[in-house]
Amino acid sequence: MGEPYRERHRDTWLNTLDAVPVVEHPPRDTDWAGVRLHVVTGKGGTGKTTVAAALALALALDGRRTLLCEVEDRQGIAQLFDVAPLPYAERRIALSPGGGEVWALSIEPKAALLEYLDLFYHLGRAGKALEKMGAIDFAATIAPGIRDVLLTGKVYEAVRRRKAGTPVYDAVVLDAPPTGRIGRFLNVNESVRELARAGPVHRQAGSIMALLRSPMTVVHLVTLLEDMPVQETEDGTAELRRMGLPVGGIVINQVREQILPRPVLSEALAGRLDPAPVHAGLRAAGLTGRGHRALAATAGTELMTEGLIAQAVDHGVRVALENRLRHRLTRLERPLYEIPALSGGIDPGSLYRTVSVLREQGMA
Amino acid sequence: MPVDPWPEDQPRLDIDGLLDDPTTRVVVCCGAGGVGKTTIAAASALRAAERGRRVVVLTIDPARRLAQALGLEELDNVPRTVEGLLPGTTGRLDAMTLDMKRTFDEVIETHATPQKARQILENPFYQALSSSFSGTQEYMAMEKLGQLRARAEGEPDGWDLIVVDTPPSRSALDFLDAPGRLGAFLDGRFIKVLSAPAKVGGRAYLRVVSAALGTATSALSKILGGQMLRDVQTFVAALDTMFGGFRERADRTYRLLQEPGTQFLVVAVPEQDALREASYFVDRLALEKMPLAGLVLNRVHTPRVENLSADRASAAAEELQETGEHPLTRQLLQVHADRMHRRERELSVAGRFTGAHPRVPVVHVPAHPGDVHDLEALRQIGNELAKG
Ligand SMILES: Nc1ncnc2c1ncn2[C@@H]1O[C@H](COP(=O)(O)OP(=O)(O)OP(=O)(O)O)[C@@H](O)[C@H]1O
Ligand SMILES: Nc1ncnc2c1ncn2[C@@H]1O[C@H](COP(=O)(O)OP(=O)(O)O)[C@@H](O)[C@H]1O
Ligand SMILES: [Mg+2]
Ligand SMILES: [Mg+2]
């Protein structure tokens, strides 16, 4: 903490990866060949961090190198990979089969602001005075726009960074702010361009917008098969399109297994499931309810049959609702990816399952 | 009825006892984002009204179709009477959705002369603050609660119960902390320095400060624009003359939550993150001496079949699979096993909460297979809340 800011962060802008050899890779045949920046958004809690991490791993297979960035000061990446909190510096956090690497960066707005001031205004010692007086805190809080300029600026720099003419990262994956803020976040440089009519800040903002609007960038939206996340996905997609930002894929997370075949579902929904065969099946399987006397056992099996049918109806209602929501998502006319609900939640192990799911479905 | 999964001595939340008690004047629903705060707030308010109370519910960010069901399409920041209560109901239900910008404007308008109010409302910094600053929504929810309370007390037939929902923050604690943060920020050192450099100290000190300030402001105005800084200065000065410090006002509003008659309902779903948040919140309430009515564990998957474990159902399904007969029974048994597995996971995470908080009254609300987007569904949630 007492260490001066510049000492702490000396190596973050340009030369972290000096020691690592850089190899150029031809684009792979996936839905997003040629994309260098994957922005991942979605309603809070739908799985943005999980999907961003899985995508960064999936894109890093076959000896590639990806950077996974977070901007919300939450240490979600460190929690997911079960490592110590990330500093504001790029760190390698995972290897993928075939020698690929995932690096991670947690961009801290205040540090990024000082870095930025120094870069554009050569603040020198005044920067420290500013920090001491609470001015940095102040600027980073009162003007959320400033934060976003810095965060997007840092991401831009990572995407563009080259060594010996070759990009340092094959792809950058951004665990972005939620859908409610994504438009403002990505479009902030448009306003900056209008405010600063000329000069380095104007030019930088223009380059960032150009990258975000180019075929090198896509914005993916993560959702659940639930009403509010789907609503946000629709609203978010519309907003991004209005702003001329490229909408990528829709990732449906936590998809539950559909156990009952279609005809059974529709019978259940119509209230027409016949108890007799269920009852017979239960007896055949030796599930005759509790109770030793024959009468009690029969009553038990009847109750069980009733309960099982009621559960089938619940299941049908749920599936029907999910199908309606899935249909709404189809209407957005974007590639859909589905990640199954993993029963134990997500840990570094189950994350790799998600990675293969994304690969199989062509997202990476 | 399914087997009772709860530890014997974990108390049950008695929602009717809470809602019927005339000394309960305010119920605040808190919890992590997306757990069902708005749903539980609306369901409790409806239930209280149908049990005879005069209720107003302040919702925040309701699902679109729920808002429609409550007649809340018009977002004009005033409560409207909800139609469609059970026939013969003596109570009544008014509902509104928080408009944070409008609420902030109202605070300014009631405390400043019209001329000064206009000056503030037109200030670009105020406009940014009132519509996008993180924490403004939480703070304005409290302000609105204060206004509703004042109005309830001022009218002879006014509301006798206010139910408040809280903003969809990622952390439940934000509701309690954000107002203080906003207050502290507006009363912060840098703002003080900016708005009144002359007050800071003696002359020698002043020279040092203004030198530093010179560098600071010139650098900041380069990035923020000079106009922005002037806007902040005028805004803060104007606020100061109104409230003598924003922080005091935030503190006063906060204390409303400690008044007798206020009860907190913590809402969670049986998932680790949500229950962790609930846990923090419960501890914090104890620390602040704010009364906790209990935990609503929402969206639990209760089996509708008794005495049939996941293992037994799976084994039977496998047996049927081998014989190739009774495919329907096999499928229904698989659905059951899936539900029981889910149930077991839910109970195990929930068990961690109850283990750490054995005295917190708890109630389970089942996960409805469909949406909870009309009055009938809310009524059903109300019944389930009461069943415990
Ligand atoms: N496919 C899945 N199966 C099971 N659990 C999942 C799955 N995807 C995500 N989760 C769990 O859901 C929770 C939320 O996921 P995550 O943190 O990725 O969401 P987020 O959108 O980044 O949330 P926030 O908005 O808070 O940043 C986590 O506990 C995670 O482990
Ligand atoms: N018990 C329940 N069963 C089924 N759906 C529910 C239940 N409780 C809430 N929901 C649904 O979950 C979504 C989020 O609920 P909401 O009350 O808006 O959460 P919050 O206010 O905590 O963000 C809504 O679509 C709501 O209908
Ligand atoms: Mg996250
Ligand atoms: Mg809500």
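## A helix pair in chain B

Helices H4(B) and H7(B) cross in a left-handed sense. The residues that make the contact are B:Met100, B:Thr103, B:Phe104 and B:Val107 on the H4(B) side, and B:Thr136, B:Gln137, B:Met140, B:Glu143 and B:Lys144 on the H7(B) side. Sorted by character, the residues of this contact come out as 4 nonpolar, 3 polar and 2 charged. Keep in mind as you look around that this is a predicted model.

Two packed helices are described by the angle between their axes and by the distance between those axes. Here, H4 (residues 100-111) and H7 (residues 136-154) of chain B pack at about 55 degrees, and their axes are 9 Å apart. That angle is neither under 35 degrees nor in the range 65 to 115, and H4(B) and H7(B) are therefore oblique to each other.

## The sheet in chain B

Chain B also has an open sheet of 8 strands with mixed pairing. Reading across the sheet, the order is S3-S4-S2-S5-S1-S6-S7-S8. At the edges stand strand S3 (80-81) and strand S8 (362-366) of chain B; each has a single partner strand, so one side of each has no neighbour in the sheet.

For a closer look at one pairing, go to S7(B) and S8(B), which run in the parallel sense and share 5 bridges. If you would like a specific pair to find on screen, try B:Val296, whose bridge partner in S8(B) is B:Val363.

## Two loop residues with positive phi

Most residues other than glycine have a negative phi. Two residues of chain B are worth a look with that in mind. B:Asp61 has a phi near 55 degrees, a positive value in a residue that is not glycine. B:Asp61 sits in the loop between strand S2 (54-59) and helix H3 (64-69) of chain B. With 17 other C-beta atoms within 10 Å, B:Asp61 is partly exposed.

The second is B:Asn307, with a positive phi of about 60 degrees although B:Asn307 is not a glycine either. Its loop lies between strand S7 (292-300) and helix H14 (310-323) of chain B. B:Asn307 has 15 C-beta neighbours inside 10 Å, so B:Asn307 counts as partly exposed.

## Chain A in outline

Turning to chain A, you will find 14 helices and 10 strands. Of the 364 residues in chain A, 44% are buried. Among chain A contacts between residues at least 6 apart in sequence, 73% join residues at least 24 apart.

Note on methods. Residues are numbered from 1 along each chain as its sequence is written. Chains are lettered from A and ligands numbered from 1 in the order in which they are written. This is a predicted model: local features need pLDDT of at least 70, side-chain atom pairs count only at pLDDT 80 or more; totals for chains, interfaces and linings use all residues. Helices (H or I, at least four residues) and strands (E, at least two) are DSSP runs, numbered from the N terminus. A residue is buried if 20 or more other C-beta atoms lie within 10 Å of its own, exposed if 12 or fewer, and partly exposed in between; C-beta atoms are placed from the backbone. Two residues are in contact if their C-beta atoms, placed from the backbone, lie within 7 Å. Two strands pair if DSSP finds at least two bridges between them. Axes are lines fitted to C-alpha atoms, for helices over the stretch in contact, and angles run from 0 to 180 degrees between N-to-C directions. Angles under 35 degrees count as roughly parallel, over 145 as roughly antiparallel, 65 to 115 as roughly perpendicular and the rest as oblique. A crossing is left-handed if the near helix is turned anticlockwise from the far one by less than a right angle, and right-handed if clockwise. Ala, Val, Leu, Ile, Met, Phe, Trp, Tyr, Cys and Pro count as nonpolar, Asp, Glu, Lys and Arg as charged, and the others, Gly among them, as polar.
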